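Subject: Structure for you to look over

Dear colleague,

I am handing over the structure we spoke about, and I would be glad if you could look at it alongside the notes below. Please open it before you read on.

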Amino acid sequence: MENRTEILNELQSLSPTLAGLHGVNVYTVPNGYFDVLSEDILLTIQLAQYGIINSAQKQDTTDVPQGYFENLADTILAKIKQEDNVSEELRRLSPMLYSVQNENVYTVPKNYFEQLHTGLVEKIQPQQAIVTTMRKRNFTFIKYAVAAVFTGIITFGAFKFTTINKIDDTTKQGLAIAKNNSFDTELDKLTDEDIVKYLSNSSTDADVALIVNVVDENELPTQEDYLTDEKALDNFLDNVNLEDLKN
Amino acid sequence: MNEHLDDKELLAQFKDPSSKEKGYTRIIKKYQEKLYWHIRRMVVQHEDANDVLQNMFIKVWNGLDNFREDSQLYTWMYRIATNESLTFLEQQKRKSTLSLSDEESGLSNKVKASEHFDANKLEWKLQVAIQQLPEKQRVVFNLRYYDEMPYQKMSEVLETSEGALKASYHHAVKKIEDFILNN
């Protein structure tokens, strides 16, 4: 253990200036302070023991008032309630609005709130997309059916303006159908097989029929187009893509 | 004769219920001045030093029953006094919401506000210089310079290695000397 001399020698070697000041005390204490200090401290302890003062209060003189932390939570909550009490605020601002505050004029469907949760859960859960298997569109059939109608009309017209003497049985049947206005009824009687068989032998007509059926009239050449360009119709038809139309 | 009882005898007196207060009073009287000045040099003002000292002795009262005699009473009380002083300064700092350097210059201002302060006197310059030191360095300097405490004991009080304390003290001395010579 170092002795006093060693400590002073160390100081002397480090700083003669400070060594020269050693032992000088610039501070003072009140007269008799140390004479009564122990009595003061003991009295404080005794008062704390008898509950006259709280020793914690004495110990934390620079801290917080007595009971501060015990009541802190309640104080903060009371403040929050005071500030956040919407009803109370409304009552102060407008007693009239306050009186009708709980009146609800709106209704909801029965069991709405009971089922709301379920509905929302279903919505937020990723659902597998519903896959519906669609039959491949049978354009061939439509094409043939439409073409059959037009063919019938054309045939009918042809027979009407040609010699009546040359008509065969089929034509006679067609005329009868036209006369009775039962074209649709008769068309219904045709089997798919008959229609397919017919149209297979007259595909050009079927393509024309398809174009007629799906082309927008507004896109057709106008009268003026025909007058100014004799190839107006050809150009139009060239631009029509049958494959696009099928899709 | 009684005033020169050693710490063991004082502790025995304190632990005997019939002589508890007497033993306690003697402990205070034996160490009060040393501890007061140790605290006073840390907090500067008497009122603050008094508060810290009293709190420190109340803690001694509360903790002395459990005091383990494998360490010295003197060392134990110095540790309490140091911790109480540092806690007080920390509270002061939080209260004033000042930065560390501001707090230190605040202590310097307290020195300058002392009744007999004289900026031309070397001993007052020394006090201002001490307050420029970082807290821990200030403690080390005070314990060594004023209390002439050996590094070994200081090591027990501050729970720091002797080598670190020695380095800290040397740094502190040099800083103070520089401050005094340049101001």
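What follows is an account of what was found, beginning with confidence and then turning to each chain and to the contact between them.

This is a predicted model, and the predictor gives the complex an ipTM of 0.78 and a pTM of 0.53. Chain B has an average pLDDT of 88, with 93% of the residues scoring at least 70, while for chain A the mean pLDDT is 67 and 43% of the residues reach 70 or more. Within chain A, confidence is lowest in helix H4(A), residues 55–59, where the mean is 49, and highest in helix H1(A), residues 4–14, where it is 89. The pLDDT falls below 50 over residues 58–64 of chain A, although this stretch does have 11 contacts in the model beyond near neighbours in sequence. Where pLDDT is low, the predicted coordinates should not be read in detail.

As to secondary structure, chain A comes to 16 helices and zero strands, and 6% of its 247 residues count as buried. Among the contacts in chain A that join residues at least 6 apart in sequence, 48% are between residues at least 24 apart.

Chain B has nine helices and zero strands, so that its pattern along the sequence reads α-α-α-α-α-α-α-α-α. Of the 183 residues in chain B, 37% are buried, and among its contacts between residues at least 6 apart in sequence, 58% join residues at least 24 apart.

The largest nonpolar core has 53 residues, and those with the most contacts inside it are B:Leu35, B:Ile39, B:Val43, B:Leu53, B:Phe57, B:Val140 and B:Met154. Helix H2(B) supplies the largest share of this core, with nine residues. In soluble globular proteins, nonpolar side chains tend to be buried together. If you would like one place to begin, B:Leu53 is in contact with B:Leu35, B:Tyr36 and B:Ile39, once its neighbours within four places in sequence are left aside.

How do helices H7(B) and H9(B) pack, and at what angle? Two packed helices are described by the angle between their axes and the distance between the axes. For H7(B), residues 135–145, and H9(B), residues 162–182, the angle is about 90° and the axes are 9 Å apart, which means that H7(B) is roughly perpendicular to H9(B). On the H7(B) side the residues that meet the other helix are B:Lys136, B:Gln137, B:Val140, B:Phe141 and B:Arg144, and on the H9(B) side they are B:Leu165, B:Ser168, B:Tyr169, B:His171 and B:Ala172. Sorted by class, this contact of H7(B) with H9(B) has five nonpolar, three polar and two charged residues. B:Val140, which takes part in this helix contact, is also listed among the residues with the most contacts inside the largest nonpolar core.

Two loop residues of chain B deserve a look for their backbone angles. Most residues other than glycine have a negative phi, and most peptide bonds are trans. B:Val44, in the loop between H2(B) and H3(B), has a positive phi near 75°, and B:Glu148, in the loop between H7(B) and H8(B), has a positive phi near 50°. Are these two residues buried or exposed? B:Val44 counts as buried because 23 other C-beta atoms lie within 10 Å, whereas B:Glu148, with 17 other C-beta atoms within 10 Å, is partly exposed.

Towards the start of the chain, B:Ala12 lies in helix H1(B), residues 7–15, and is partly exposed, with 13 other C-beta atoms within 10 Å. The C-alpha atoms of B:Ala12 and B:Gly23 are separated by 7.9 Å, and these residues are 11 apart along the chain.

Finally, the contact between the chains takes 34 residues from chain B and 27 residues from chain A. On the side of chain B that touches chain A, the elements giving two or more residues are H2(B) (20–43), H3(B) (46–63), H4(B) (73–96), H6(B) (122–132), H7(B), H8(B) (151–158) and H9(B). Of these, H2(B) gives the most, with eight residues, and the residues of this side as a whole divide into 15 nonpolar, 10 polar and nine charged. H2(B) therefore appears in two roles here, as the source of the largest share of the nonpolar core and as the element that gives the most to the side touching chain A.

With best wishes

Methods. Residues are numbered from 1 along each chain as its sequence is written. Chains are lettered from A and ligands numbered from 1 in the order in which they are written. This is a predicted model: local features need pLDDT of at least 70, side-chain atom pairs count only at pLDDT 80 or more; totals for chains, interfaces and linings use all residues. Axes are lines fitted to C-alpha atoms, for helices over the stretch in contact, and angles run from 0 to 180 degrees between N-to-C directions. Helices (H or I, at least four residues) and strands (E, at least two) are DSSP runs, numbered from the N terminus. Angles under 35 degrees count as roughly parallel, over 145 as roughly antiparallel, 65 to 115 as roughly perpendicular and the rest as oblique. Two residues are in contact if their C-beta atoms, placed from the backbone, lie within 7 Å. Ala, Val, Leu, Ile, Met, Phe, Trp, Tyr, Cys and Pro count as nonpolar, Asp, Glu, Lys and Arg as charged, and the others, Gly among them, as polar. A residue is buried if 20 or more other C-beta atoms lie within 10 Å of its own, exposed if 12 or fewer, and partly exposed in between; C-beta atoms are placed from the backbone. pLDDT is the predictor's confidence in each residue, from 0 to 100. A nonpolar core is a set of buried Ala, Val, Leu, Ile, Met, Phe, Trp, Tyr and Cys residues joined through C-beta atoms within 7 Å.
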